[in-house]
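Dear colleague,

I am handing over the structure below, together with notes on what turned up when I went through it. Please read the notes with the coordinates open beside them.

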Amino acid sequence: MIKNTFLFYDYETFGINSSLDKPAQFAAVRTDFDFNIIEKPKIYYCKLPDDYLPNPDSILTHKISPQKANLLGVSESEFAKLIYKLFLKKTNCIIGYNNIKFDDLFTRNIFYRNFFHPYMWSWYNGNNNWDVINIIRSCYLLCPKDIKWPYKKNGIPSFRLEDFVKINKYKNINSHDAISDVYATILIVKLIKQKKPKLFNFLFNNRKKNQLLSLIKNNKNVPFIYISNVFDTKNNIVNIVLPSKIYKKNVLVTLNLMENISLFLYKNINNKKNYLFNKKKKLPIIEIYLNKCPIIIPINLLNKTSCKRLKINKEKYMKNIDFIDKYKIHKKIKNIYDNHKINYFEYEDNIDCQLYKNFFTNKDYRLMKIIRKTNINKLKLINLDKYDERFKNLLFRYRARNFYYTLNNTEKKKWNKYKKKCFNFSYIKNYLIKIKKLYLYNKNNSNKQKLLKKIYNYAKYLINLN
């Protein structure tokens, strides 16, 4: 059996809201540990539901019209089924480019809407996920030599996939096409593994939550480099943090040693609302999500040359640690988090936006499996009374979007009423105005104007159906 296979994947979507916007295209390529392709690529398109209009800006980027998606695509229920089967294959490291903050979110919401486990794909069968953009950021900061780096006009490094592809002159790569982006991602990570094998192996071996917790445990009272997604300066500045003893809901609370630690000596410091989120009084605390493959590296692994280049003053940070121990700062942090419930997710009344409202129970997941295996004409007969309250609305929308022809007359009236609410006069007016403005803005680009005409015609088609 092949170990450590990577499944590189990418979506093109009809918008950037992972809860409300819909997928257009999915592509995936499986490789071995050396990034040699070992399976034929998978490319799927997804049909649009009739209660949704795509974002024209997204279509101008990836050039997939609604008509093309509907012609080549399958229903979202079938789309989700194909991806789920692919993701659950054993020994996967599921990886993409900026997938943790974008593609993975779409994956969870697609599975949520179509009664698949939203999270199991990232841990079942020994599976896990990773993100190439974090590997690139780490490589740039820690050992940038021997690799060509793209820069913006202001001198700040660019980590956009298309910029990296352009400067490294990868041929036959078309940005914002899912399969091309997948191939580009494979080339980039292969380059980094070849040029910087020690860094690559360290990051690969310390990407999972338990691996990171073990790394922290084995480096007590040692500052860590935390490489986040924020690069807003020409200087190579990284966050230097000290892990606290607070770890809840996959969140590791750390102290930012680069800021003023004495703020913890203020009175009434236990007021988390005032001191943790107020920009003027903000405590030097950084919350790190260990389930999102963060990059944290013990500072003692850096040599003197790297510290000088990154402007890291080890002595200063060790003095901050002495201050933290002297004034029992860890205890103060614990009091803050003990007195205030951590709530990291907000949700709307719209059922499509309620993935994070609550975790489903094992009983709920068993029902999901039943729903997927039930004949579509008998879905309305399933008793949902003793299950999660979201199921009733979810199941109705699932049936209406994927199997409208199975609705009875009362249900069709209900669905059409809902669509009229979605496509109200104000929404449609603003949507069509936006298309017209984009058409004028792109007056010198006939290809984009053709796309905008298709979007306009599709919108008018849906409006007339309602």
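A residue counts as buried here when its relative accessible area is under 20%, as exposed when that area is over 50%, and as partly exposed in between. By that rule Phe391 is buried, because its relative accessible area is 0%. Please keep in mind throughout that this is a predicted model.

Phe391 is also a convenient place to begin with the aromatic residues, of which the structure holds 43 pairs. One of these is tilted, namely Phe102 with Phe106, whose ring centres are 5.0 Å apart and whose planes make an angle of 45 degrees. The two partners differ in their surroundings, since Phe102 is partly exposed at 22% relative accessibility, whereas Phe106 is buried at 0%. Phe391, for its part, forms a stacked pair with Phe360, at 5.4 Å centre to centre and with 10 degrees between the planes. This pair links distant parts of the chain, for Phe360 lies in the loop between helix 13 (329–338) and helix 14 (362–373), while Phe391 belongs to helix 15 (residues 391–402), 31 residues apart. Phe360 is buried as well, with a relative accessibility of 8%. Ring pairs also join Phe102 and Phe106 to Tyr9, Tyr11, Phe26, Tyr44, Phe79, Phe87 and Trp121 in a cluster.

Turning to the nonpolar interior, the largest core has 81 residues, and those that touch the most other members are Phe8, Trp130, Val132, Ile136, Ile188, Ile312 and Ile333. Helix 7 (residues 178–195) gives the most to this core, contributing nine residues. If residues up to four places away in sequence are set aside, Ile136 touches Tyr97, Trp149, Phe159, Phe164, Ile188 and Ile192. There is also a second, separate core of 22 residues, with Leu53, Ile64, Ile435 and Ile455 among its members.

His117 may deserve a look of its own; this residue sits in the loop between helix 4 (103–113) and strand 5 (128–131), and it is buried, with 14% relative accessibility. The side chain of His117 reaches the backbone nitrogen of Tyr119 at 3.1 Å, and a polar contact of 3.5 Å joins the His117 side chain to that of Tyr365. Apart from its neighbours within four places in sequence, His117 is in contact with Tyr84, Phe111, Trp123, Tyr365 and Met368.

Among the strands, strand 6 (residues 224–227) pairs with strand 10 in the antiparallel sense, over four bridges, and within that pairing Ile227 has Ile295 as its bridge partner in strand 10. Strand 10 (residues 295–298) is covered on both faces, with Ile295 and Ile297 buried on one side and Ile296 and Pro298 buried on the other.

Finally, a word on the cysteines: a search of the whole structure finds zero disulfides. Cys139 forms no such bond because the closest cysteine sulfur, that of Cys143, is 4.4 Å away from its own, which is too far; Cys139 is buried, at 0% relative accessibility. Cys353 is likewise in no disulfide, and the nearest cysteine sulfur, in Cys422, is 11 Å away. Cys353 is buried too, at 10% relative accessibility.

With best wishes

Terms used:
Residues are numbered from 1 along each chain as its sequence is written. This is a predicted model: local features need pLDDT of at least 70, side-chain atom pairs count only at pLDDT 80 or more; totals for chains, interfaces and linings use all residues. Side-chain values use heavy atoms; hydrogens and water are left out. Buried means under 20% relative accessible area, exposed over 50%, partly exposed in between (1.4 Å probe, protein chains only). Helices (H or I, at least four residues) and strands (E, at least two) are DSSP runs, numbered from the N terminus. Two strands pair if DSSP finds at least two bridges between them. A disulfide is a pair of cysteine sulfur atoms within 2.5 Å. A nonpolar core is a set of buried Ala, Val, Leu, Ile, Met, Phe, Trp, Tyr and Cys residues joined through side-chain atoms within 4.5 Å. Contact means heavy atoms within 4.5 Å. A polar contact is a pair of N or O atoms within 3.5 Å; within protein, one must be able to donate a hydrogen and the other to accept it, and residues adjacent in sequence count only if both atoms are side-chain atoms. Rings of Phe, Tyr and Trp (its six-membered ring) pair if their centres lie within 6.5 Å; planes under 30 degrees apart count as stacked, over 60 as edge-to-face and the rest as tilted.
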